[in-house]
Amino acid sequence: MRYNKLAILYDELSSTTKRLEKIDILSKFFEHVKEEDADLIYLILGDIYPEYDERRIGISNQLAIKAISKSTGTDSKKVMAEWKKIGDIGEVARELTKKKKQMTLASHIITVDKVLTNLRKLPELIGAGTIEKKLSLITELLTSSDPIEAKYLVRTLIGDLRIGVQESTIKYALLKAFFNNNKDYEDRIQRAIDRSNDLSVVFKIAMKKKITELDKIKLEVGKPIKAMLAQKANDIDDAFKKLGKPIAIEYKYDGFRLLIHKANNKVTLFTRRLENVTKQFPEVEGYINKFIKGDSFILDSEAVGYDKKTKHYTDFQKISQRIRRKHKIEELQKKLPVEINVFDVLYYNGKSQLDVPFKKRRELIEKIVTSHPYKLIASHHKITSDKKEVEKFYKKALKDKQEGIMLKNLDAEYKPGRRVGHMLKLKPEENELDLVITGGEWGTGKRSGWISSFILSCKKGNEYLQIGKVGTGVAEKETEDNKITFENLTEMLRPLITKEKNKDIEVKPKIIVTVHYQDIQRSPNYKSGWALRFPRITALREDKPLSEIATLEEIEKDFKESKHENYRYG
Ligand code: ATP
């Protein structure tokens, strides 16, 4: 397929904000895609591989500018100036390509396949001369591009496609294109996506228009799968109302999610962002081999840090370094040990457990896990119908320095990647949100050279809406416990800058932070319609994907509920 067709699709999709219209446009497009072009589905999500694949395009704005300059024969200073003026680097590429095309007649056709081939070479390049090689791969594409292709190629390169399509849009478009929009099949497509975690695989099978073929997609051990997420319980009564009786209660450990895969004697560990962190946790590999029976399995767990001397649990922020650390791993392993708390099983010895009721899955965990405190245990778990017992358990969890408790429906299935109402979390009421940094301001005086205040945004559909500005909680110097410094944040944000005007910057939404605040109020100053009062950054959420930051709906719901009686405890 010509890349131009895809570029036109992007343009059409950008021309509407309405979800149903986007689904309609996409489904019509899907009807004409051939099996060999199925990987273009990654490009529609701005990527070149499935989400779990860690190979990313990763081209900086600077390199994109150089490539535009080379392919259009425009001085890079001029490209830069245009960018400052127009604000959208893709649009700059479009304009400059238009000008060039008026002067030259030569044009080549680029195909989707060629785009994917060149883009897929980018992450493979390492070592000397990398930049030049990257530049030549990109310039080759841009030189053959027409204006609209250039616009979307550049946006794809810098990871800022902005066409408002997400996985669910694709799901509904597949339903419409290949299954007559039969709503009975929606869940079956979703399950196929959940199990394969690869849209191109699902796309290819869906094209055959046989839903039973999609049902045959299997979970694969070693390929990351998305973790199931929880909703909030307002209080214990609320939990019983939503979950029925009896329920399972467990500690809500304050660590990070770890999905454990084992097959053919090989252990692989994935975070909630689907990153492979096996190398960072060599000791965990040992625990899995020693303390868990079975040849092949996928388990869900929380890794929690503890103090070696006092054996008290520590908070998430402290051990989060272990996720990032790529060198001197042993040293960090000794300093920041973790305990693995296994709380679910998704696959066991050749069989998917996703559709098995939670009660049975828990029984399986108890059969296969031999608990060794401070190494690996089956999570603290109780089945009860008694409110008092839940209260006691909750108090104990807080005393043990955990975040609160999880309350789970015993009959429920495991639904990967979804925030389900059959797994609830209860923790002391705190004004806390996970938000993404979308902009900021360069500092002055003592803080010049650093970004000194940060614009925070929540999510609404595919949009990021500002909700406040924060400079508090960020330290000037790094300490053992606090890595959130102006310098560190500036270094993380610098490559993400998409727009700069005087002191103000805009950045690609990527860095996620936990923010505590005193209050929230309606405000015309921010696009979300809300403003946080006295916000303070308390943690960097490097374990969390962008798709899981706070949504406007949740914030509004919380606000409404907090006006009612609040459940407080401890
Ligand atoms: P929070 O910010 O409140 O920690 P979250 O946004 O990290 O929540 P949620 O899905 O809302 O994530 O809450 C569930 C999280 O709690 C899981 O992702 C998991 O990491 C953690 N957790 C700790 N203990 C358990 C447990 N026993 N069962 C399930 N999840 C647990």
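Me: What makes the pairing of Arg272 with the ligand a polar contact?

Reply: A polar side-chain atom of Arg272 lies 3.0 Å from an oxygen atom of the ligand. A polar contact is a pair of N or O atoms within 3.5 Å; within protein, one atom must be able to donate a hydrogen and the other to accept it, and residues adjacent in sequence count only if both atoms are side-chain atoms. The 3.0 Å pair is within that limit and therefore qualifies. The model is predicted: local features need pLDDT of at least 70 and side-chain atom pairs pLDDT 80 or more, while totals for chains, interfaces and linings use all residues. Residues are numbered from 1 along each chain as its sequence is written, and side-chain values use heavy atoms, with hydrogens and water left out.

Me: Which atoms of Arg257 and Tyr251 take part in polar pairs with the ligand, and how much of the ligand's accessible area does the protein cover?

Reply: Arg257 brings a polar side-chain atom to 2.7 Å from a ligand oxygen atom, whereas Tyr251 brings a polar backbone atom to 2.9 Å from a ligand nitrogen atom. The protein covers 95% of the 610 Å² of accessible area that the ligand has on its own. Such areas come from the Shrake-Rupley method with a 1.4 Å probe; for residues, only the protein chains shown count as cover.

Me: How do you know which residues belong around the ligand, and of which class are they?

Reply: A residue is near the ligand if one of its heavy atoms lies within 4 Å of it. There are 19 residues around the ligand, of which Arg257, Glu302, Lys425, Lys427 and Lys544 come nearest. By class, the shell has 13 charged, six nonpolar and no polar residues (nonpolar: Ala, Val, Leu, Ile, Met, Phe, Trp, Tyr, Cys and Pro; charged: Asp, Glu, Lys and Arg; polar: the others, Gly among them).

Me: Which strands supply the shell, and why is the ligand said to lie between two domains?

Reply: Strand 1 (229-232), strand 2 (247-252), strand 10 (404-409) and strand 11 (419-426) each supply at least two residues of the shell. Strand 2 gives the most, with three residues. Strands (E, at least two residues) and helices (H or I, at least four) are DSSP runs numbered from the N terminus. Domain 3 (229-426) and domain 4 (432-562) both give residues to the shell, so the ligand lies between them. The assignment also gives domain 1 (3-157) and domain 2 (167-215); domain bounds come from an automatic or database assignment. The centres of domain 1 and domain 3, taken over C-alpha atoms, are separated by 41 Å.

Me: Why is Arg541 called buried, and where is its place?

Reply: Buried means under 20% relative accessible area, exposed over 50% and partly exposed in between, with a 1.4 Å probe and protein chains only. Arg541 has 16% relative accessibility and therefore counts as buried. Its place is in the loop between strand 20 (536-540) and helix 22 (552-563). The side chains of Arg541 and Asp434 are joined by a polar contact of 3.2 Å.

Me: Are Asn197 and Lys328 buried or exposed, and what is the phi of each?

Reply: Asn197 has a relative accessible area of 8% and is therefore buried, whereas Lys328, at 54%, is exposed. Phi is positive in Asn197, near 55 degrees, and in Lys328, about 45 degrees; neither Asn197 nor Lys328 is a glycine. Asn197 lies in the loop between helix 11 (186-196) and helix 12 (199-206), and Lys328 in the loop between helix 17 (321-324) and helix 18 (329-335).

Me: What makes helix 4 mostly covered, and how does its reach compare with the expected span?

Reply: Nine of the twelve residues of helix 4 are buried, among them Leu63, Ile65, Ile68 and Ser71. Ser71, at 7% relative accessibility, counts as buried. Helix 4 (residues 61-72) reaches 16 Å from its first C-alpha to its last, close to the 16 Å expected at 1.5 Å a residue; the expected span is 1.5 Å times one less than the number of residues. After helix 4 comes Gly73, with a positive phi near 65 degrees.

Me: Why is Gly468 called buried, and how far is Gly468 from Trp530?

Reply: Gly468 is found in strand 14 (residues 463-470). With a relative accessible area of 1%, Gly468 is buried. Gly468 and Trp530 are 62 residues apart in sequence and 7.9 Å apart in space, C-alpha to C-alpha.
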